[in-house]
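Work through the exercises below with the model open. Try each task before reading its solution.

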Amino acid sequence: MKVSRHAKIIELISQYDIETQEELAEYLNNAGFKVTQATVSRDIRDLKLTKVSEGGRQKYVIHRQEEPGMSEKYIRVLRDGYVSMDMAQNILVIKTVSGMAMAVAVALDSMKWNEVVGCIAGDDTIMCAIRTVEDTVTVMDKIRKIVSKGE
């Protein structure tokens with residue numbers, strides 16, 4: 001439940017400018033997660049969210065590490081959300097658990113792999129544009145290594 005709630009938080013702050021813990025709790029409750037402000041506070045700390053000013057308002061964002069790489073949270077989201085993948089030339093299609101595609105796409109984007117041009121996520125499917133067919137195979141190998149370590 002915690003991992004899917006964390007994935008939903010990542011999705012929500014990517015889609016909306018959320019300023020307060022109460023506002024985030026309201027979005028989560030509307031999405032079917034029964035949370036208190038204390039739970040949201042712990043989740044914010046666990047996910048290492050930070051606030052940034054934008055246009056005179058503040059909003060929660062994922063704290064980006066200066067060095068390229070991936071945090072344990074993103075690895076866990078990828079492992080927990082991943083179902084399968086397939087390629088069509090330089091397009092990688094990743095199937096996820098229902099409702100997890102946005103969070104898994106954020107996890108993939110956070111890895112900052114040079115081969116990945118960008119990701120588009122739906123509910124349970126991600127389409128990744130990869131630079132070349134060869135790069136697509138490389139990215140698939142990287143993903144396989146990450147998800148197989150969690151088994």
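**Exercise 1. Charged pairs across the chain**

Count the salt bridges in this predicted model, then place the pair formed by Lys2.

Solution.
- Step 1. Apply the cut-off: a side-chain nitrogen of Lys or Arg within 4 Å of a carboxyl oxygen of Asp or Glu. The count is 7 salt bridges.
- Step 2. Take Lys2. Its salt-bridge partner is Asp46, with the closest N and O atoms 3.1 Å apart.
- Step 3. Locate both ends. Lys2 belongs to helix H1 (residues 2-15) and Asp46 to helix H3 (residues 37-47), so the salt bridge ties together parts that are 44 residues apart in sequence.
- Step 4. Check accessibility. Lys2 has 40% relative accessibility and counts as partly exposed. Asp46, at 22%, also counts as partly exposed.

**Exercise 2. One helix or distant parts?**

Compare where the salt bridges Glu11–Lys8 and Glu115–Lys142 sit in the chain.

Solution.
- Step 1. Start with Glu11 and Lys8. Their side chains meet at 3.4 Å, N to O.
- Step 2. Both residues lie in helix H1. They are 3 residues apart, about one turn of the helix.
- Step 3. Classify Glu11. Buried means under 20% relative accessible area. Glu11 has 12%, so it counts as buried.
- Step 4. Turn to Glu115 and Lys142, whose side chains meet at 3.2 Å, N to O. This pair links distant parts of the chain, 27 residues apart. Glu115 is in the loop between helix H5 (101-110) and strand S5 (116-121), while Lys142 is in helix H6 (residues 133-149).
- Step 5. Classify these two ends. Glu115 is buried at 13% relative accessibility. Lys142 is partly exposed at 28%.

**Exercise 3. Surroundings of Cys119**

Find the element that holds Cys119 and list the residues that Cys119 touches.

Solution.
- Step 1. Cys119 sits in strand S5.
- Step 2. Leave out residues up to four places away in sequence. The contacts of Cys119 are then Ala105, Leu108, Asp109, Ile126, Met127 and Cys128.
- Step 3. Add a distance. Asp80 is 39 residues from Cys119 along the chain, and their C-alpha atoms are separated by 18 Å.

**Exercise 4. Packing of two helices**

Describe how helix H4 (residues 72-81) meets H6.

Solution.
- Step 1. Choose the descriptors. Two packed helices are described by the angle between their axes and the distance between the axes.
- Step 2. The axes of H4 and H6 come within 9 Å and cross at roughly 90°.
- Step 3. Angles of 65 to 115 degrees count as roughly perpendicular. H4 and H6 are therefore roughly perpendicular to each other.
- Step 4. H4 makes the contact through Ile75, Leu78 and Arg79, and H6 through Ile146, Val147 and Lys149.
- Step 5. Sort the contact residues of H4 and H6 by class: 4 nonpolar, no polar and 2 charged.

Notes
Residues numbered from 1 in each chain as written. Predicted model: local features only at pLDDT ≥ 70, side-chain atom pairs only at ≥ 80, totals over all residues. Heavy atoms only, no water. Helix = DSSP H or I, 4+ residues; strand = E, 2+ residues; numbered from the N terminus. Buried < 20%, exposed > 50% of the residue type's maximum accessible area, 1.4 Å probe, protein only. Contact = heavy atoms within 4.5 Å. Axes fitted to C-alpha atoms, helices over the stretch in contact; angles between N-to-C directions. Parallel < 35°, antiparallel > 145°, perpendicular 65-115°, else oblique. Nonpolar A, V, L, I, M, F, W, Y, C, P; charged D, E, K, R; others polar.
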